[in-house]
Amino acid sequence: MKKNKSLLFAAISVLAISFGLCSTANAISISFTGTFSQDNDVQLFNFSLDTASAVTLRSFGYAGGTQADGNVVVDGGFDTSLALFDGSGALLTQNDDGIGVPADPTTGGAYDAALFDYSLGAGDFTVALIQWDNVANGPNLSDGFLYDAVSNFTFLHSPCSAGMFCDGSGGNRT
């Protein structure tokens with residue numbers, strides 16, 4: 001199956017979060033879509049909780065899926081990873097391949113990130129959506145990410161004709 005080389009969609013859906021302007025009894029869902037133009041792109045999403053809440057973070061960049069807002073994300077994007085930081089920028093956790101995420105119909109790989117039912121206290125948080133294997137460098141968001149200076153780092157792991165967004169399961173994902 002040929003993928004569209006000009007668009008690489010990644011989506012993150014933040015579920016079950018009580019925001020400061022919402023009733024704490026009501027969970028809300030927020031969905032985002034966008035594109036990455038380089039392997040080392042990082043997209044930051046900020047959110048606030050007015051009370052302790054269970055939070056589910058989910059990406060649909062690799063195998064695709066349907067977001068909470070009903071938007072269908074097609075398969076064929078990149079291998080997503082998520083890093084979660086607190087309001088001071090301290091790294092709380094990172095996730096590469098989520099348990100129970102769907103497999104991509106072309107490669108069979110289940111490489112979308114997910115952090116399920118993460119319990120957070122009240123406060124501000126930042127989620128970084130990144131491509132595997134561009135992990136957070138240190139204990140703080142200000143430390144940056146492993147491949148900040150290498151725009152086509154996936155080519156180093158698995159060369160492909162596109163020169164970036166190379167897939168370890170074989171060739172171009174786009």
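This is a dialogue on how to read a few features of a predicted model.

Biologist: Start with the sheet. What is the strand order, and how do the strands pair?

Modeller: Read a sheet by listing its strands from one side to the other. Here four strands form an open sheet in the order 3-10-7-8, with antiparallel pairing.

Biologist: Which strands stand at the edges?

Modeller: Strand 3 and strand 8 (91–95) do. Each has a single partner strand, so one side of each is left without a neighbour in the sheet. From one strand to the next, the twist averages 20°.

Biologist: Now strand 7. How many bridges does strand 7 form with strand 10?

Modeller: Seven, in the antiparallel sense. One position to look at is Thr80, which stands opposite Gln131 in strand 10.

Biologist: And how many bridges pair strand 7 with strand 8?

Modeller: Four, again antiparallel. Leu82 has Asn95 of strand 8 as its bridge partner. For Ala83, the partner in strand 8 is Gln94.

Biologist: What joins strand 7 to strand 8?

Modeller: A hairpin, with four residues between the two strands. Check phi in the turn. Most residues other than glycine have a negative phi. In this turn, Gly89 has a positive phi of about 90°.

Biologist: Is strand 7 enclosed or open to the outside?

Modeller: Count its buried residues. Six of the seven residues of strand 7 are buried, so the strand is largely enclosed by the rest of the structure.

Biologist: Next, the interior. Which residues have the most contacts inside the largest nonpolar core?

Modeller: The general idea comes first. In soluble globular proteins, nonpolar side chains tend to be buried together. In this model the largest nonpolar core has 15 residues, and Phe47, Leu84 and Leu120 have the most contacts inside it. Strand 3 (43–49), strand 4 (53–59), strand 7 (80–86) and strand 10 each give two or more residues to this core.

Biologist: Which residues does the second core include?

Modeller: That core is separate and has six residues, including Ala83, Ile130, Ala136 and Phe145.

Biologist: How many aromatic pairs are there?

Modeller: The count comes to five. For each pair, read the distance between ring centres and the angle between planes. Phe36 and Phe78 are stacked, at 4.7 Å centre to centre with 25° between the planes. Phe36 sits in the loop between strand 2 (28–35) and strand 3, and Phe78 in the loop between strand 6 (72–73) and strand 7. They are 42 residues apart, so to speak of sequence, and the pair links distant parts of the chain. Both Phe36 and Phe78 are buried.Biologist: What about Phe47 and Phe125?

Modeller: They form a stacked pair too, with 5.5 Å between centres and 25° between planes. Phe47 lies in strand 3 and Phe125 in strand 10, so the pair ties together parts that are 78 residues apart in sequence. Phe47 and Phe125 are both buried.

Biologist: Take a polar residue. Is Thr126 buried or exposed?

Modeller: Thr126 lies in strand 10. It is buried, with a relative accessible area of 10%. Then look for a polar partner. The side chains of Thr126 and Asn46 are joined by a polar contact of 2.6 Å. Residues touched by Thr126 include Leu44, Phe45, Ala83, Leu84 and Leu141.

Biologist: One last item. Which peptide bond is cis?

Modeller: Most peptide bonds are trans. The bond from Trp132 to Asp133 is cis, with omega near 10°. Asp133 is in the loop between strand 10 (123–131) and helix 1 (154–157).

Key
Residues are numbered from 1 along each chain as its sequence is written. This is a predicted model: local features need pLDDT of at least 70, side-chain atom pairs count only at pLDDT 80 or more; totals for chains, interfaces and linings use all residues. Side-chain values use heavy atoms; hydrogens and water are left out. A nonpolar core is a set of buried Ala, Val, Leu, Ile, Met, Phe, Trp, Tyr and Cys residues joined through side-chain atoms within 4.5 Å. Buried means under 20% relative accessible area, exposed over 50%, partly exposed in between (1.4 Å probe, protein chains only). Two strands pair if DSSP finds at least two bridges between them. Axes are lines fitted to C-alpha atoms, for helices over the stretch in contact, and angles run from 0 to 180 degrees between N-to-C directions. Rings of Phe, Tyr and Trp (its six-membered ring) pair if their centres lie within 6.5 Å; planes under 30 degrees apart count as stacked, over 60 as edge-to-face and the rest as tilted. A polar contact is a pair of N or O atoms within 3.5 Å; within protein, one must be able to donate a hydrogen and the other to accept it, and residues adjacent in sequence count only if both atoms are side-chain atoms. Contact means heavy atoms within 4.5 Å. Lists of a residue's contacts leave out its neighbours within four places in sequence.
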